[in-house]
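Me: Could you take a close look at one chain for me, going through its odd backbone spots and the place where it touches its partner? Keep it relaxed, but give me the cut-offs.

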Amino acid sequence: MRHIISILVENEAGALSRISNMFSARGYNIESLTVAPTEDASMSRMTVVTQGSDDVIEKITKQLNKLVEVVKVVDLSEAEHIERELMLIKVRAGAKEQENVKRMADIFRGRIIDVSDNTYTIELTGDGAKLDAFIKSLDQSAIIETVRTGASGIGRGNRILRA
Amino acid sequence: MDRVKTEELTGAEIVVRCLQAEGVYYVFGYPGGAVLWIYDELFKQDKVRHVLVRHEQGAAHAADGYSRSSHKVGVCLVTSGPGVTNAVTGIATAYMDSIPMVILTGQVPTHAIGEDAFQECDTVGITRPCVKHNFLVRDVKDLAATIKKAFHIATTGRPGPVLVDIPKDVTMHKAEFAYPESVAMRSYNPVKKGHAGQVKKAAQLILEAKRPMVYTGGGVVLSNASAQLTALVRMLGFPCTNTLMGLGAYPATDRQFLGMPGMHGTYETNMAMQNCDVLIAIGARFDDRVIGNPAHFAQNPRKIIHIDIDPSSISKRVKVDVPIVGNVADVLDDLLRVLKSESKKPDPAPLKAWWKQIEEWRAKDCLKYDRKAKIIKPQFVLEKLYEVTGGDAFVTSDVGQHQMWAAQFYKFDKPRRWINSGGLGTMGFGLPAAMGAQLANPGATVACVTGESSIQMCLQELSTCKQYRLPIKIINLNNKYMGMVRQWQQFFHGNRYSESYMDALPDFVKLAEGYGHRGILVEKPSDVEPALKEAFSKKSELVFLDFLTDQTENVYPMVPGGKGITEMILSEDL
């Protein structure tokens with residue numbers, strides 16, 4: 001099953017490597033990983049999307065907690081949460097295609113953030129399924145470049161992850 | 001962090017002052033370019049003594065043996081590049097067995113890091129998977145606090161090696177020095193006490209047990225909880241086993257001790273592990289060499305209580321019913337208190353029947369061997385070693401058949417007397433570990449049980465033993481084979497002894513003499529005891545005893561890899 005794990009970690013050199021190392025050393029899979037400092041610059045927040053049975057996820061969270069620099073770990077998918085991913089996608093948009101691309105971007109609430117003679121670059125956020133759906137809705141041969149951040153997640157309401 | 005008086009010192013001075021503040025008596029190491037300033041400071045003082053090994057692997061193993069035999073932190077100091085990579089095997093060995101160590105490594109100057117400088121390697125990257133934690137100190141201002149953290153992390157929670165990488169320029173720069181008195185880390189707060197509710201649940205299960213078994217590992221030794229374990233087992237009247245890492249935690253000569261479990265465990269222990277209805281696991285981790293195939297182990301229904309300081313060890317290979325996360329000594333104190341306050345006592349009738357069953361298993365005498373053999377049986381050497389040393393030696397071992405025989409035949413009644421590489425299984429561990437044990441316990445009897453293959457992996461340390469006058473007794477069980485490899489090839493590879501025969505062995509007696517020690521060749525069973533007596537009477541000399549033993553002897557019982565622990569191969573003459 002797909003799980004989305006949030007990790008608060010000391011913002012120190014090597015912390016990311018310690019975490020990704022643990023996944024590879026123990027044979028756990030990482031579907032996506034995002035990381036950036038929090039409002040407290042001494043700490044980073046990481047979101048890891050992984051696959052595994054409940055047993056495996058329990059082992060992953062225990063191994064993460066065991067790392068000396070990890071402050072807190074929570075499996076967001078255990079309860080109500082929101083997740084978003086950002087995608088930048090560059091598509092061929094000559095005179096013929098422009099209107100259709102613009103229309104699709106509007107439907108998906110994407111924004112066109114760069115324009116050239118024959119390309120549009122669209123910014124789109126949403127959960128992974130929405131981004132997948134947008135890609136599918138486009139003429140596949142028109143897609144030039146796709147950049148996705150991987151999911152970031154946060155608990156709903158009073159579900160808070162702080163040091 | 002609390003800071004008291006301050007003074008301006010160089011990084012190298014700070015390193016030495018930190019070691020002094022930690023009460024470090026011995027540092028095991030080898031000098032080199034990146035650590036010259038630290039060695040210069042060591043030279044100028046006499047509180048911290050340096051032990052010069054002959055290879056950095058030896059430094060790590062010696063610090064490890066020092067720690068295992070004394071419950072102090074083992075400290076080693078090596079230079080950058082090859083100094084570090086040579087030490088990695090020793091660091092990984094300590095990591096697998098959760099030994100508290102601090103490894104100080106030199107690094108090229110900060111401005112040269114990443115430029116493929118001479119003797120540069122990515123120390124923090126290379127060692128990351130085999131340390132509890134590691135640090136690269138880029139600023140001399142952080143040095144003292146980092147070393148303090150290293151000692152704190154190494155010794156608290158589940159212990160382990162912690163490495164501090166120190167660039168050469170950091171050892172030259174100056175900073176205000178004050179050794180912090182305490183460490184506060186929001187990301188690292190290991191628990192000590194177990195959850196009271198869980199302890200109560202465990203007590204209930206224990207009191208209702210009809211076929212109980214106490215299974216303990218290295219955690220009891222690391223936590224110094226032998227007294228609590230012994231009190232618990234005696235109070236309950238339950239059978240007890242100690243793993244390879246836990247031998248000595250419960251007295252092996254006691255009737256309630258059933259012997260070691262697992263791949264080369266005793267018949268009675270493996271049968272009891274499989275057939276018990278309540279298994280009380282303490283500071284043990286159900287590893288593959290202990291419970292064999294987890295699916296086979298799970299076939300028998302039983303309730304499992306698991307006491308361990310490391311949550312990630314719980315339900316890793318085997319699902320447990322009552323997990324208790326906490327320091328073993330603290331949890332056992334609480335458990336003893338709860339059990340004593342209970343009016344309910346274990347039902348004696350089923351326990352008596354269980355013991356009757358166990359005695360039937362024990363009657364199989366699974367460790368028997370041919371005592372009338374004309375050639376020296378390795379088991380016989382170990383029995384005699386036990387007798388001659390009065391069961392009171394510090395025994396280190398290398399890895400292989402001799403290690404298993406030592407574990408089976410030397411009855412350890414005290415913790416920290418049996419020192420071996422159980423997790424990583426590092427050949428070459430025995431001799432340098434014995435150096436550490438001897439330095440930690442001057443005047444004590446230290447024996448290194450080894451084989452002709454293992455001993456050659458850190459043989460150079462014979463020179464260190466001479467320099468520091470370490471009167472270790474080396475028990476070399478020489479069968480001219482990598483015995484355990486040979487045994488597996490016999491059992492599972494159609495007797496094809498691929499590369500397991502050691503040709504062109506040195507004359508070990510002359511070799512020992514070459515290093516300035518005494519050597520004794522023992523070829524006949526009748527000479528075993530006199531030779532051991534002679535060797536152990538030499539209180540100030542290292543004696544290398546080269547026993548020519550039966551080349552075809554195997555370790556029994558044996559659970560083949562992937563099998564269940566009751567699927568044992570027993571010796572042919574059973």
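Reply: Here's a walk through chain B, backbone first and then the contact.

A word on the ground rules: this is a predicted model, where local features need pLDDT of at least 70, side-chain atom pairs count only at pLDDT 80 or more, and totals for chains, interfaces and linings use all residues. Residues are numbered from 1 along each chain as its sequence is written, while chains are lettered from A and ligands numbered from 1 in the order in which they are written.

Start with D365(B), which isn't a glycine yet has a positive phi, near 50°. You'll find D365(B) in the loop between α15 (348-362) and α16 (378-388) of chain B; helices here are DSSP runs of H or I with at least four residues, strands are E runs of at least two, and both are numbered from the N terminus. D365(B) counts as exposed because it has 11 C-beta neighbours inside 10 Å (exposed is 12 or fewer other C-beta atoms within 10 Å of its own, buried is 20 or more, partly exposed is in between, with C-beta atoms placed from the backbone).

E499(B), not a glycine either, has a positive phi of about 60°. That residue belongs to the loop between α20 (483-492) and α21 (508-514) of chain B, and with 8 other C-beta atoms within 10 Å, E499(B) is exposed.

Next, the peptide bond between Y556(B) and P557(B) is cis, with omega about -10°. P557(B) lies in the segment after β19 (543-548) of chain B.

As for the partner, 16 residues of chain A and twelve of chain B make up the contact (two residues touch if their C-beta atoms, placed from the backbone, lie within 7 Å). On the side of chain B that touches chain A, five residues are nonpolar, three polar and four charged; nonpolar covers Ala, Val, Leu, Ile, Met, Phe, Trp, Tyr, Cys and Pro, charged covers Asp, Glu, Lys and Arg, and the others, Gly among them, are polar.
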